[in-house]
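Dear colleague,

Please find below the structure that I am handing over to you. My notes on what was found in it follow directly after.

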Amino acid sequence: MTFEKDMILNALAEGMKDKLSPEALSELRRADRHALALLFLDKSGLSENELALKLAGLSKLEMVEKPEPAEGAQKILPIRVINEYQAIPLEASAERITLAASWVPDADMDKWIRAITGRDAVWMLAPAVKVSEAIAEKFGVGAGSLSEGDNDEFASEGEGDVEEDENAAIIKFVNEIITRAMADR
């Protein structure tokens, strides 16, 4: 079961008109998926558990309090995808993969998970900070920016472009570390 981001935001905002300004809602609509739950926490004043419970109630998805990545999670799903979707593989079989995400999945996520893994996704929700912490703990801060496959994504045929691609990956990695440090203080 998947949902469109605006539908979920509208449903959440309906009951929070006193806490969520129109400007904040507009900013949330423009936010990237990987930052959406944390930004919503910041704008709404909800706790991470309150948000996860509200999302679970709206989507009818199960909630997991403390997501534990499956053994070999990075072999099940590329770290870049785990980081971008803020979704942790909890378990996998030949037919399906169970993922804990910080935000309700959309149809594109289902399609990409199926395309990448060859498995159907079974979605669960988890508190946003717990998902972020589990990703940083299991894969390291900045794991999404310097994973093995990223060089292939940015690499081009030209020899001079490789150095630029490596520099871009390093800059992205440093930015992730700084962002994480500021969020932790």
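In helix H8 of this predicted model, the buried residues are Ala128, Val131, Ser132, Ala134, Ile135, Ala136 and Phe139. The helix runs over residues 128–139, and its 12 residues should span 16 Å at 1.5 Å a residue; the end C-alpha atoms are 16 Å apart, so the expected and computed values agree. Directly after H8 comes Gly140, whose phi is positive, at about 95 degrees.

One residue of H8 deserves a separate remark, namely Ser132. Its relative accessible area is 16%, and because burial requires a value under 20%, Ser132 counts as buried. Beyond its neighbours within four places in sequence, Ser132 is in contact with Gln86 and Arg180.

Gln86 is itself of interest. It is located in the loop between helix H6 (79–85) and strand S1, and with a relative accessible area of 7% it is buried. Its phi is near 50 degrees, a positive value in a residue that is not glycine. A second residue with this feature is Lys60, which has a positive phi of about 65 degrees and is likewise not a glycine. As background, most residues other than glycine have a negative phi. Lys60 belongs to the loop between helix H4 (48–59) and helix H5 (73–76). Is Lys60 buried or exposed? Its relative accessibility is 68%, and since the cut-off for exposure is over 50%, Lys60 counts as exposed.

The strands may be described next. S1 comprises residues 87–92 and pairs with S2 in the antiparallel sense, over 5 bridges. The two strands form a hairpin, with 3 residues between them. Within this pairing, Glu91 stands opposite Thr98 of S2.

I turn now to the aromatic residues. How many aromatic pairs does a search of the whole structure find? The search finds 1. The pair consists of Phe40 and Trp103, and its geometry is tilted, with 5.9 Å from centre to centre and 55 degrees between the planes. It links distant parts of the chain, 63 residues apart: Phe40 is in helix H3 (residues 33–44), whereas Trp103 is in the loop between strand S2 (96–101) and helix H7 (107–117). Phe40 and Trp103 are both buried.

These two residues appear again in the nonpolar core. The largest such core has 49 residues, and the members that touch the most others are Phe40, Leu51, Leu55, Trp103, Ile113 and Trp123. In general terms, nonpolar side chains tend to be buried together in soluble globular proteins. For Ile113, the contacts outside its neighbours within four places in sequence are Leu77, Val81, Tyr85, Ile97, Leu99, Gly118, Arg119, Ala121 and Trp123.

Finally, helix H2 (residues 22–30) has a buried side. Which residues of H2 are buried? They are Ala24, Leu25 and Leu28. These residues cover an arc of only 100 degrees around the axis, and therefore lie on the same side of H2. The face turned away from that buried side carries Pro22, Glu23 and Arg30, which are exposed.

With kind regards

Terms used: Residues are numbered from 1 along each chain as its sequence is written. This is a predicted model: local features need pLDDT of at least 70, side-chain atom pairs count only at pLDDT 80 or more; totals for chains, interfaces and linings use all residues. Side-chain values use heavy atoms; hydrogens and water are left out. Helices (H or I, at least four residues) and strands (E, at least two) are DSSP runs, numbered from the N terminus. The expected span of a helix is 1.5 Å times one less than its number of residues. Buried means under 20% relative accessible area, exposed over 50%, partly exposed in between (1.4 Å probe, protein chains only). The arc is that of the directions from the helix axis to the C-beta atoms. Rings of Phe, Tyr and Trp (its six-membered ring) pair if their centres lie within 6.5 Å; planes under 30 degrees apart count as stacked, over 60 as edge-to-face and the rest as tilted. A nonpolar core is a set of buried Ala, Val, Leu, Ile, Met, Phe, Trp, Tyr and Cys residues joined through side-chain atoms within 4.5 Å. Contact means heavy atoms within 4.5 Å. Two strands pair if DSSP finds at least two bridges between them.
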